[in-house]
Structure formats: C-alpha cells, structure tokens
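Welcome, and please load the model in your viewer before reading on. We will walk through a few selections together, one stop at a time.

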Amino acid sequence: MGAKRRGAAAPAPGGKKRGKREALAELGDILRDTALRERAAEAWARGEQLRHEVAAVEPAPFRHGVIPGFLAGAAFAEELRDELLGLGFRGRRNDLLSLRQSEELGESSEPHVAALRHALCEEFRPWLSAVTQIELEPTIDISCAKYEYTDVLLCHDDELEGRRIAFILYLVPPWEKRDGGTLDLYSTDEHFQPQQIVKSLVPSWNTLVFFEVSPVSFHQVSEVLSEEKCRLSVSGWFHGPSTVRPARCIEAHLPRSPHIPYDHEILYEWISLVYLDMDSQAQIQEEFEERSEILLKDFLKKEKYQLLCEALENKDIQWSSQGPANKRLYETAEEDSLPDILDKFLQFLRSEALFLLLSNFTGLKLHFLAPSDEDEDAGEGKATDTTGHSSPKPEQEEAEHYADSKPHQPDQPDNVPEAQDSKTQNGSSTPVCAGELRRWTHGHYTLVHDTQATEFALDLLFFCGCEDWDPEYGGFTSYIAKGEDEELLTVNPEDNCLALVYRDKDTMKFVKYINHRSLARLNKHPNRRGFWDFSFAYYE
C-alpha cells in the first residue's frame with residue numbers, strides 16, 4: 001500500500017478528548033437531493049455529462065465529479081482551514097513532487113479534521129457508492145497538502161492496491177488559472193499511456209473534486225506560479241475491491257551500438273590536453289574508482305566548446321518532445337537536422353578513441369585494449385596509452401559496419417533493456433553505447449518509473465549553455481537507490497563539464513523538474529531559456 005492505511009471513521013463528538021471543543025461538519029444540499037443523486041449515477045454509468053448548480057459529473061478524459069459548496073457552513077470551512085494551517089507540515093521533495101504535507105489525518109483528534117473525516121466516511125461515502133456503483137470501505141486515507149510558489153505534483157495515475165475513488169477538497173483563497181496549481185487531466189492512448197492535458201480544473205474555495213482511480217486516471221497538479229497564495233487542500237482515497245490492471249506498456253528503447261572507428265587524433269582535436277596526460281588519467285581513475293563518479297571541468301578546448309554552443313542556437317535544428325508525461329518531458333534533437341559541428345561531436349562521443357579514454361578514466365573495460373580485472377591482478381598497468389594504434393582489423397571491420405549509417409533518433413530514452421549479445425571473435429561481449437542530445441527548459445523533467453531499466457552502466461553527461469544556472473531552478477540529475485527517496489548523488493548542470501557516473505542495478509536516476517524560477521535567468525541572458533546536454537550511457 002501507499003501512505004499509512006487507513007483512518008477509521010471518527011467517533012461521535014461525545015467520544016472526543018477533553019479540551020477539544022465539538023465540531024460538526026454539515027455537507028451541502030447535494031446529499032439530500034435523491035433525484036439528483038439518481039441522475040448523477042445514471043450519467044456516471046453511461047459515461048455522460050451532467051451539469052447542475054450543486055454538482056457536475058464529467059466522463060472525459062476519465063470519469064470525475066465536481067461539487068462546489070461541499071461544506072454547508074462557511075464558518076466551519078474557515079475554521080477547518082485555520083486548524084489545518086496550524087498542523088505540522090513536512091517538506092517533501094523527490095522526482096514526482098515538491099510540496100509540504102501533513103501527517104496522515106486518519107487518527108487526528110483535531111475537532112474540525114475529525115468532523116470532516118466523519119462526514120466523508122459516514123455521509124459522503126454512501127452517496128459516492130450509490131453514484132459510482134462501487135462498494136467503498138468505511139475508512140479512508142486522508143492528509144493535507146500545502147502547495148506554494150514552484151510546488152508541483154507531476155503526472156501519475158494514483159493506482160495502488162484498493163484505491164477506487166480519489167478526492168480533493170480545496171480551501172484556497174480566490175484563485176485564477178494564471179496562479180498555476182490547476183488539476184490537469186490527461187487523455188490516454190491505446191496503450192493506457194498519458195498523451196496530453198485536455199482539461200484543467202482551477203481550485204476553488206470549498207469545492208470537492210473526485211474521480212475514479214483507474215489505469216487511465218492520469219493527472220497532475222501544475223506548478224504554483226503565484227508567489228503570494230497558498231494552495232491548501234485535503235485529499236485522499238476511498239478504498240474498495242481491487243480491479244485488474246492491464247499489462248504495462250513496453251517502450252521502444254534507445255538503440256545501442258559499438259564504437260565507430262576513430263583513432264587518437266580525434267581526442268587531440270576536441271579535448272583539453274590536461275586530460276590526455278597519462279598521469280592525469282591515472283589520477284582520475286584512482287578518484288573515480290573510489291567514488292564511482294567524477295566531474296571533469298573545462299573538458300573541451302575552449303574554441304570547440306564555443307562552436308558547440310553557437311551551433312546549438314541554430315534555428316534549423318528540429319527538436320522533438322519526449323514522453324509520455326508519467327515518465328518524462330523534454331526535447332531531443334533529430335540528428336539529421338544537426339549542423340556539422342554537432343554531428344561531429346556525436347561521432348566523437350561514439351568514437352573508439354573515446355571508449356578507450358573512458359576506460360582509462362574509469363577502469364572499466366570499454367575497449368578490448370583496456371586491461372581487465374584479471375590483468376590488473378596480474379600486475380599489468382591500469383591505463384592504456386590512448387595515442388597507440390587503433391584496433392586490429394577484425395574489430396575495425398565490425399565498427400565500420402556501424403559507422404556507415406548514423407544511429408536513428410530514439411523514441412523512448414529511459415527504458416533500456418539488457419545489452420544486446422554482441423560478441424567479438426574471442427567470445428566476450430562488445431562494449432556499446434547509446435545517447436542523445438537533449439534540450440531542457442521550464443517544465444521539463446524525467447521521473448523514476450516501474451519499467452525503467454536497472455543495470456550496470458557508465459553515464460556520461462556533457463553540459464552546454466548553463467551559465468548562471470542555479471540548482472534552485474531544478475534541472476539537476478539525481479541518483480537514488482531503488483525504492484528510496486534519499487539522493488545518493490546530484491549532478492548539477494555546469495558549462496563545459498563532463499560528468500561520469502557509474503550506475504549499478506539498484507540505482508535509479510531522474511532529472512528534477514525545471515521550475516518557474518529558471519525564467520529569472522532571462523534577465524541576464526535574454527535568449528537563454530534553458531540549457532542542453534549530451535546524455536550517453538556506455539556498457540561493458
């Protein structure tokens with residue numbers, strides 16, 4: 001299950017602790033209108049629209065309802081708000097969300113919270129069951145959330161065992177769409193994946209929204225853009241019999257290929273000379289083997305880096321948005337639209353010479369000339385001279401096979417299956433790489449998800465256009481242990497820096513949502529709305 005399960009219905013007011021004054025939550029007229037309840041149930045069952053002054057039922061993009069004036073007494077709603085604001089809130093920050101949340105309120109003895117919980121369980125639940133024809137349990141998950149400037153809850157479907165109806169009660173000041181914080185509902189495709197936002201519900205005082213939790217109930221709370229207002233809400237789930245969920249969609253993966261045949265001269269063309277010194281490489285390897293990560297600053301020659309940045313501004317580059325929204329949102333470049341300098345840099349990242357250099361930086365066997373663990377145990381040197389001869393002919397011929405055609409642009413970058421069983425003549429697996437050029441701006445992110453591949457890999461990130469980028473904007477890459485929220489490592493975007501991170505099977509990664517604060521950078525850089533990175537993974 002998800003959050004703590006589950007708060008029982010509140011006892012009658014007489015059973016409350018001494019010192020807490022009684023409170024009674026009266027619900028609006030909708031619960032007493034039998035004819036309206038029957039009309040709502042019919043509309044829900046038929047997937048039809050019902051609009052009434054005290055309630056609305058909508059079928060699209062998935063079944064949901066809106067009840068303005070949910071609490072009958074204005075005074076009770078205001079006192080509930082004040083009571084909630086007096087609770088202890090803890091900040092929550094991970095790949096999916098940024099907000100402040102109360103503890104689970106299922107056992108709270110605060111009088112207005114307990115009264116609301118009692119009304120939801122004992123009065124609203126039977127009405128919901130009658131409308132939705134779902135046998136709901138007499139207990140709920142319930143908590144309170146505060147969203148303030150730049151807080152967000154990204155695309156998800158709420159599905160967890162037993163959750164059947166989600167609800168949100170808004171206790172907000174006068175709110176407009178420009179304040180952000182809307183409840184955005186997504187359409188879905190034939191694979192039950194979110195496509196696009198087709199409806200946005202603006203929070204409104206004392207309004208309750210409910211929807212059926214299902215494989216298509218994808219929604220988000222958009223980023224709060226108001227710097228003054230607090231989006232306060234009470235939300236949770238009613239539980240009932242579990243339903244069968246369709247199989248997870250299997251995505252096309254980012255294609256992998258062995259290196260392409262370029263010798264050491266390409267390194268001298270691109271890389272700062274300090275990184276080509278064998279003693280420097282040995283020192284880098286020692287640090288990398290100790291920490292499993294390293295940041296190499298001023299990695300490219302200054303003139304080459306400037307040419308890359310200028311080329312990235314080229315208006316002829318075609319950028320494609322990557323989704324689905326429950327896994328990622330950013331843009332990738334169509335490689336056949338790239339200026340020559342960018343195309344050559346991608347070839348450099350896929351080159352045989354770089355595979356060997358990365359082996360020297362990391363101690364990984366990304367090239368057949370790189371020493372293996374057995375070689376090191378036998379006392380052979382760790383670093384291999386990158387200025388030596390390129391591969392013998394059998395390896396060269398194999399690489400040339402891949403050099404004839406440019407790797408095609410991937411559709412889905414995060415879901416990478418096990419490496420293909422490419423074999424060299426001696427029967428060992430052939431090192432491969434996969435990568436893309438990405439553009440990051442306000443609203444972009446990636447999420448950890450169930451189908452994200454976990455395997456051993458060397459991640460390479462090279463950043464461009466990051467001057468004056470503040471980590472407060474987001475856009476950093478976080479590594480976390482599988483199933484945990486605590487960050488193991490954060491890689492911040494930094495100009496002309498090469499980040500190398502060794503990732504094992506129990507490590508996941510995400511790029512943090514880029515928030516509204518990032519637009520302040522336009523004051524210094526009027527034409528710079530974000531940054532770019534070259535994101536690659538190398539496999540032994």
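**First stop: a sheet.** Select strands S22, S21 and S24: they form an open sheet of 3 strands in the order S22-S21-S24, with antiparallel pairing. Strand S22 (487-491) and strand S24 (507-511) stand at the edges, each with a single partner strand, so one side of each is left without a neighbour in the sheet. If you look at how the strands cross, neighbouring strands of this sheet are turned by 20° against each other on average, direction ignored. Bear in mind throughout that this is a predicted model.

**The S21–S22 pairing.** Now colour strand S21, residues 477-481. How many bridges link S21 to S22? There are 4 bridges, and the pairing is antiparallel. To see one of them, pick Ser 478 and look across to S22, where its bridge partner is Thr 490.

**The S21–S24 pairing.** Turn to S24 next: S21 is joined to S24 by 5 bridges, again with the two strands running antiparallel. Here a good pair to label is Tyr 479 and its bridge partner in S24, Lys 509. As background, strands of a sheet pair through backbone hydrogen bonds, either parallel or antiparallel. Switch on a surface and S24 turns out to be mostly covered, with 4 of its 5 residues buried.

**Second stop: Ser 222.** Leave the sheet and select Ser 222, which you will find in the loop between strand S13 (219-221) and strand S14 (231-239). Is Ser 222 buried or exposed? With a relative accessible area of 13%, Ser 222 falls under the 20% cut-off and therefore counts as buried.

What surrounds Ser 222? Apart from neighbours within four places in sequence, Ser 222 is in contact with Asp 151, Val 152, Gly 180, Gly 181, Thr 182 and Asp 184. Draw a distance from the side chain of Ser 222 to the backbone nitrogen of Gly 181, and you should read 3.1 Å. Then add Leu 153: its C-alpha lies 6.6 Å from that of Ser 222, although the two residues are 69 apart in sequence.

**Last stop: the whole protein.** Zoom out and show everything as a cartoon. The protein has 10 helices and 25 strands. Of its 540 residues, 55% are buried. The accessible surface comes to about 24,200 Å², and 46% of that belongs to carbon and sulfur atoms. Finally, a contact map is worth opening: among contacts between residues at least 6 apart in sequence, 81% join residues at least 24 apart.

Notes:
Residues are numbered from 1 along each chain as its sequence is written. This is a predicted model: local features need pLDDT of at least 70, side-chain atom pairs count only at pLDDT 80 or more; totals for chains, interfaces and linings use all residues. Side-chain values use heavy atoms; hydrogens and water are left out. Two strands pair if DSSP finds at least two bridges between them. Axes are lines fitted to C-alpha atoms, for helices over the stretch in contact, and angles run from 0 to 180 degrees between N-to-C directions. Buried means under 20% relative accessible area, exposed over 50%, partly exposed in between (1.4 Å probe, protein chains only). Contact means heavy atoms within 4.5 Å. Accessible areas come from the Shrake-Rupley method with a 1.4 Å probe; for residues, only the protein chains shown count as cover. A polar contact is a pair of N or O atoms within 3.5 Å; within protein, one must be able to donate a hydrogen and the other to accept it, and residues adjacent in sequence count only if both atoms are side-chain atoms.
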